Amino acid sequence: MEQLIKKVLDTITKAGLVEVEVSARHVHLTDEDVEKLFGKGQVLHEKRPLSQKGQFLCEERITLIGPKGRKERVAVLGPVRKATQVELSVSDCVALGVKAPLRESGDVKGSAPLILEGPAGSISLEEGTIVAHNHIHVPTDVADMLQLKDKEHVSVKILSERPVTFDDVIVRVSPEFNFKMHIDFDEANAASVKGFTLGKIIH
């Protein structure tokens, strides 16, 4: 059975089809900010692993506070990072009253401010709030097979009951990646993405 599943997945990959995952609003924190929000000496606790190696959903949750509203019980993802970053959908930004730019993850210079609140304290984040650019995590061997290059921009047709083609999707290549496309909830709702959904990569 495992061999059959692997053969099916290999066939799907060779056809340029990628599984589409929906990424809800979430936060990445530095060690320093973990302590500010949850208390001195506190660390993040893994709840369950995510699809990318080494990444995990944490037991901890925080509240986001903007000029127009609040979002409570927002997911924290681990492990800790060098810079604190908040990733929102456009709808989240409207609800919070935040003007976050569309950026690739990690590109936070000059991005939007926001207040983060935890059980032990709060942080006035001067920059770090973005709308994450949709992207595909591509393992090196798959990139070679599909002739994809790191930082390349492609289109992806979502194969759902409401097909939508996303243009300007960023390709990110690493031997550590699992082959997945990430979109936010606004994009998922537009394309009626539910459960296991595939996207066709178009050069």
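Here are some questions and answers about H135 and the two largest pockets of this predicted model.

Me: Is H135 buried or exposed?
Reply: Happy to start there. H135 sits in strand 10, which covers residues 135-138. Its relative accessible area is 9%. Buried means under 20%, so H135 counts as buried.

Me: Which side chain joins that of H135 in a polar contact of 3.3 Å?
Reply: Let's look at the polar atoms around H135. One polar atom of its side chain lies 2.9 Å from the backbone oxygen of H133. That partner is a backbone atom, whereas the 3.3 Å contact joins two side chains, those of H135 and H137.

Me: Which residue in contact with H135 is also among those nearest the centre of the largest pocket?
Reply: Beyond its neighbours within four places in sequence, H135 touches V169, I170, R172, K180, M181 and H182. The residues nearest the centre of the largest pocket are S23, H26, L50, L77 and H182. The name found in both lists is H182.

Me: Which strand gives the most to the lining of the largest pocket?
Reply: This pocket holds about 960 Å³ of space. Several elements each supply at least two lining residues, including strand 10 and helix 5. The top contributor, with 5 residues, is strand 5.

Me: How many residues of the lining of the second largest pocket are nonpolar?
Reply: The second largest pocket has a volume of about 290 Å³. It is lined by 15 residues, with L9, T13, E19, F179 and K180 closest to its centre. Besides 2 polar and 4 charged residues, the nonpolar ones number 9.

Notes: Residues are numbered from 1 along each chain as its sequence is written. This is a predicted model: local features need pLDDT of at least 70, side-chain atom pairs count only at pLDDT 80 or more; totals for chains, interfaces and linings use all residues. Side-chain values use heavy atoms; hydrogens and water are left out. Helices (H or I, at least four residues) and strands (E, at least two) are DSSP runs, numbered from the N terminus. Buried means under 20% relative accessible area, exposed over 50%, partly exposed in between (1.4 Å probe, protein chains only). A polar contact is a pair of N or O atoms within 3.5 Å; within protein, one must be able to donate a hydrogen and the other to accept it, and residues adjacent in sequence count only if both atoms are side-chain atoms. Contact means heavy atoms within 4.5 Å. On a 1 Å grid over the protein atoms alone, a cavity is a set of points where a 1.4 Å probe fits but cannot get out, and a pocket is an open set with protein on both sides within 12 Å along at least five of seven lines; lining residues have an atom within 4 Å of a point. Grid points are joined across faces, edges and corners, and a volume is the space filled by probe spheres set on the points. Ala, Val, Leu, Ile, Met, Phe, Trp, Tyr, Cys and Pro count as nonpolar, Asp, Glu, Lys and Arg as charged, and the others, Gly among them, as polar.
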